[in-house]
Amino acid sequence: MSLASFLPAPTQLSQDQLEAEERSRVQRSQSTALVSTRREPPPYGFRKSWVPRALEDFGDGGAFPEIHVAQFPLEMGRKKRTSNALAVQVDAEGKIKYDAIARQGQSKDKVIFSKYTDMLPKEVLNEDDPELQKPDEEAVNELTEKTRAALEKQVSQKIAAAMPVRAADKLAPAQYIRYTPSQQGLAFNSGAKQRVIRMVEMQKDAMEPPRFKINKKIPRGPPSPPAPVMHSPSRKMTVKEQQEWKIPPCISNWKNAKGYTIPLDKRLAADGRGLQTVHINENFAKLAEALYIADRKAREAVEMRAQVEKKMAQKEKEKKEEKLRELAKMARDRRAGIKAHGDKGGEDTEVRERDEIRHERRKERQHDRNISRAAPDKRSKLQRDQDRDISELIALGQPNPRTSSEAQYDQRLFNQNKGMDSGFAGGEDEIYNVYDQPFRGGRDMAQNIYRPSKNADKDMYGDDLDTLMQSSRFVPDREFSGADHGPRRDGPVQFEEDPFGLDKFLEEAKQHGGSKRASTSGRSKDYDHEKKRRKE
Amino acid sequence: MFVLLQDVQKHSVHTLVFRSLKRTHDMFVSDHAKAVALDDQSYKMKMAVKMRAEYKPVLHMPVLKEGRERGPLHASDPYGQLGYPLPGALPHYLVTGTHPYPSAPGVALTAETQMQKMPFLNSGLLPRKAPTMPKPQWHPPWKLYRVISGHLGWVRSIAVEPGNQWFVTGSADRTIKIWDLASGKLKLSLTGHISTVRGVAVSTRSPYLFSCGEDKQVKCWDLEYNKVIRHYHGHLSAVYDLDLHPTIDVLVTCSRDATARVWDIRSKANVHTLSGHTNTVATVKCQSAEPQVVTGSHDTTIRLWDLVAGKTRATLTNHKKSVRALVLHPRQYTFASGSPDNIKQWKCPDGNFIQNLSGHNAIINTLAVNSDGVLVSGADNGTIHMWDWRTGYNFQRIHAAVQPGSLDSESGIFACVFDQSESRLITAEADKTIKVYKEDDTATEESHPVNWKPEILKRKRF
């Protein structure tokens, strides 16, 4: 008679009882299987020759210390050589996934091309093929909207950082969630099957400063795993091709920064000397010859023309001379004829003398007029005085005009209608335009220059400088009165009389000067003298 | 069993062989060329056994009426090949049963089953046939009809206005010039950049012009006032190209600092920095369908980006040399990329490789595509190749002469673009001119025949 028969059945079951119930339930379900798959180790005491080999031999326990064999229950304790080798995976159709390596860090649905067939060109499809058509409008619009919304969110986040603090947004905090936990039972959740959770968003402190420091620079994370290379490796370069791309070092004709000593042939290598023969066109020679010939011909022509002209001129001159001679002759004849007429009338000598004088004067005047007409270079007296230099005027004693005493202005100032930038003359250095008129005119200078009067040296010598100069009181070598006349000295050295007459001989030789005709030279001098006298 | 031995005659091996030969000869000499005649009974038995052994579970299935009709009419291939030779000369195996699949033994043949083609035809598994090359579409050749000079430096970029009235060019002389499309006269010159202007784009949604240059500047010009109104600051090095998103107010620029940046037009904020390339990003294109941003770089890869997350969606590493040019097909869901080794065509959205267009062995600076399927590739040595988009047939090669006064080495094409009517091709060149091409109207299929010699073995080198 146990206590349990009296008491009513318990409503709540304890943990141990629950476990026992579960175990019995499991055992009952397992008993329908044909073969029991559990392999239990033999109980303690019956393990003499038993060695656990497989994982199931351990049951749900650990290693057996009394069995002296290395045991790894639950694979614990084995030295694992960590390798990053991927386990071979197989896809749904049973084919090995060889691109598992290429897809290591990425999601399953990322597009990665790694098969050979991805590299092969596909069949050329018709244009209307549905595969090649763009997705329809609605799909595109939907995508657009989604993208726009996402981008807006991003932009607003970025801009919000710059915007000032506003009032906190009110979020409707009334979300209720019904939750069914996976661990069910009487002990959990007081036996209830589901739970209701009230979800509220935590209020953000509007005045809170930023929580995290974003001014730190951290190194970039690793990039995404590289995509498989879908082309054949670059072709190997042949030696010939490599030689084609060889660039020779630069040897400048001007710079040598490191001061290298480079042989001359390398220095001039880039010049291209000796690589090309210089060809000169033969037309150059032809041109030179043609020019030479033309030059010669031109010179000849010019000479000929000059000669012809000279001849013509000479002829003309002769003709003119003839004419003049004739005219002169005629005039002479006329004059002689007139004179002959004049001689016949007027018998008085005085009248004749007066006539002669008048005649001479007229002739002189005519002569002058003729000269001035024929030889205009010979200037008249007036003209000569005008062109004289200051020093000449002074020497001749010409009268000088008076200067005006009033102030003189630069005549260039008056009557100007030129602009503001005129007068500079472009910065020319050579012109000398400081004054507009000569200083005092050439004629003025002469009168302003110092002219000593006759008695300039009055204070020095007294009044009569001339009488003083002509006095003959002071004479060198004057003897006393009554003294003997010594030999008159001709020069500082006096020679004695020479017996042989060499002096004479030498003097004569000097006079003639090598010319045999002594008489002509003497005559020429006399002739010139005469001519001069006659003229004046 | 030893009793039989007595009956067997002992012959020599030679005799035995000879006898066997003779018998064979007698049996087959008359019809040695003929195939072995099928014995009906043995065949029936064989078929019955086979059916029961292998197809027993499906024998009860109903006949597919549609399958029977479809067979002889056309092969269900999406390739549009009407001339595809159906294997009609197959022997008609006698099938017992009314079903397309062999049915239970003993059922008599019917006429319907006799008409059947091979069963595996209807199941859609076509036998692998020799790849037949499709014939390329004929396009009239293009000829130069206008040369516009006015820039003082290389003309680096071109964009055409959505209304097709004018087009903009950016040049190495730091100016942006706007030209009238119909007459080719200069309308406006904009200055503001301090270095070469590498990219220009005209917005379709607002009266803005965007330009980017080697001076790290990205400028937004208001075309109503002809002034700069916004700068997008953030690039660390020369900006090489830019593109506008067709539906969202977003600008994408790519630069020598190996990034592409996504800017919000109105707020000038740098929304995403698309990093991942390891060398200069040379070109970028935007579209409204996925992938929304495609970039090509000097590290020989093309990346397709997810604009929402700002992450790479796929990386295409098929090119061996720098990718300097990208173009999106206006009608199809495909795009093409150009590099000195090949021009490759890809399918959106994942970038599946379609085909190679090889033959233009020069640095390809630019690509442009027509709605008619004309692909233009412009190279750094001044040559232009015209391709048929679908087949990859190069139908024309143009090398325009340089402007008088320029050296012959100064020929190169930096940008080319079709106008909005797609009848004029405008190219920006290195001899400081802009050249306009149009289709030659006088050419016909006979005067310029299609000389299509496809390489059967397309699996050459990649």
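Helices (H or I, at least four residues) and strands (E, at least two) are DSSP runs, numbered from the N terminus. This is a predicted model, where local features need pLDDT of at least 70, side-chain atom pairs count only at pLDDT 80 or more, and totals for chains, interfaces and linings use all residues. Residues are numbered from 1 along each chain as its sequence is written, chains are lettered from A and ligands numbered from 1 in the order in which they are written, and side-chain values use heavy atoms, with hydrogens and water left out.

**Exercise 1.** Find the helix that holds A:Leu465, then say which residues make the nonpolar surface patch.

*Solution.* Start with the helix: A:Leu465 sits in helix H12 of chain A. Next, check its cover. Buried means under 20% relative accessible area, exposed over 50%, and partly exposed in between (1.4 Å probe, protein chains only). A:Leu465 has a relative accessible area of 31%, so it's partly exposed. Now for the patch: A:Met460, A:Tyr461, A:Leu465, A:Leu468 and A:Met469 make a nonpolar one of about 560 Å². Helix H11 (458-461) and helix H12 (465-470) of chain A each give two or more residues to that nonpolar patch, and H12(A) gives the most, with 3 residues.

**Exercise 2.** Work out where B:Thr196 lies, and whether it is buried or exposed.

*Solution.* Look in chain B, at the loop between strand E5 (186-191) and strand E6 (197-202): that's where B:Thr196 lies. Its relative accessibility is 12%, so B:Thr196 counts as buried. Then list its contacts (heavy atoms within 4.5 Å). Skipping neighbours within four places in sequence, B:Thr196 touches several residues, including B:Arg156, B:Ser171 and B:Cys212.

**Exercise 3.** Do the same for B:Gly382, and find how far B:Ala430 is from it in sequence and in space.

*Solution.* B:Gly382 belongs to the loop between strand E23 (374-379) and strand E24 (383-388) of chain B. With 5% relative accessibility, B:Gly382 counts as buried. Leaving out neighbours within four places in sequence, its contacts are B:Ile398, B:His399, B:Ala400, B:Ser411, B:Gly412 and B:Ile413. As for B:Ala430, it's 48 residues away from B:Gly382 in sequence and 8.2 Å away in space, C-alpha to C-alpha.

**Exercise 4.** Sum up chain B: how many helices and strands are there, and what share of its residues counts as buried?

*Solution.* Count the elements and you get 6 helices and 28 strands in chain B. Then take the cover: of its 462 residues, 48% count as buried. Finally, among chain B contacts with a separation of 6 or more, residues 24 or more positions apart account for 47%.

How values were computed: Patches are made of residues with over 30% relative accessible area and no salt bridge: like charges are joined within 9 Å, nonpolar side chains (Val, Leu, Ile, Met, Phe, Trp, Tyr) within 5 Å. Accessible areas come from the Shrake-Rupley method with a 1.4 Å probe; for residues, only the protein chains shown count as cover. A salt bridge is a side-chain nitrogen of Lys or Arg within 4 Å of a carboxyl oxygen of Asp or Glu.
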